[in-house]
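Colleague: I should like to learn how to read the empty space and the strands of a model. May we begin with the structure itself?

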Amino acid sequence: MNAADRFRAAVESRDLAALEDLFTQDVRLYSPVKFTPFEGRPMVLALFGVLLRTFEDFRYVGRYAGSAETSADGSESPSEILLFRAMVNGKAIHGIDLVHYAEDGRIKEFTVMVRPQSAVHALGEAVLAGLVADGLAPAPVSGAAGR
């Protein structure tokens, strides 16, 4: 079983411990709800802990393999696109995970894209609440929306 198969199995079974060895130490995760990436294995694993609690009925529905430029340095690497469907707070989400692999086969960069916009908003709120609950982000300041 390759890294993509192990990753998919870990996510679908919600096995956070199985994900740890699949990421490089300096993995970067680009989220649809945050401009800058989440960086480093501890932070990305913590984010996955929130995501695995947030998504309901999460399932991968397809995959495409090839190669693509990374966002970090523009180098080309083996990559896969994993298509998924899920629910978040009653909103149906369609999305893709763009996964870039390091030379050793572990995941070095991960980009999540979702639609529609109402689902992105619901996902952002749910993930922020999870990050705050886990002590990984400060609570939003009342009245700070739109700043």
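Colleague: How many cavities of 30 Å³ or more does a search of the whole structure find?

Modeller: Rolling a probe the size of a water molecule over the atoms shows where empty space is left. A cavity is a set of points, on a 1 Å grid over the protein atoms alone, where a 1.4 Å probe fits but cannot get out. The search finds 1 such cavity, with a volume of about 190 Å³; a volume is the space filled by probe spheres set on the points, which are joined across faces, edges and corners. The model is predicted: local features need pLDDT of at least 70 and side-chain atom pairs pLDDT 80 or more, while totals for chains, interfaces and linings use all residues. Residues are numbered from 1 along each chain, and side-chain values use heavy atoms, without hydrogens and water.

Colleague: Which residues are the closest to the centre of the largest cavity?

Modeller: Lining residues have an atom within 4 Å of a point. Of the 20 in this lining, Phe-48, Leu-51, Phe-55, Asp-97 and Val-112 are the closest to the centre. Helices (H or I, at least four residues) and strands (E, at least two) are DSSP runs, numbered from the N terminus. α3 gives the most to the lining, with 4 residues.

Colleague: How do β3 and β4 run?

Modeller: Two strands pair if DSSP finds at least two bridges between them. β3 and β4 run antiparallel, joined by 11 bridges, and Tyr-64 has Ile-81 as its bridge partner in β4. In their hairpin, with 6 residues between the strands, Gly-74 takes a positive phi near 75°.

How values were computed:
On a 1 Å grid over the protein atoms alone, a cavity is a set of points where a 1.4 Å probe fits but cannot get out, and a pocket is an open set with protein on both sides within 12 Å along at least five of seven lines; lining residues have an atom within 4 Å of a point.
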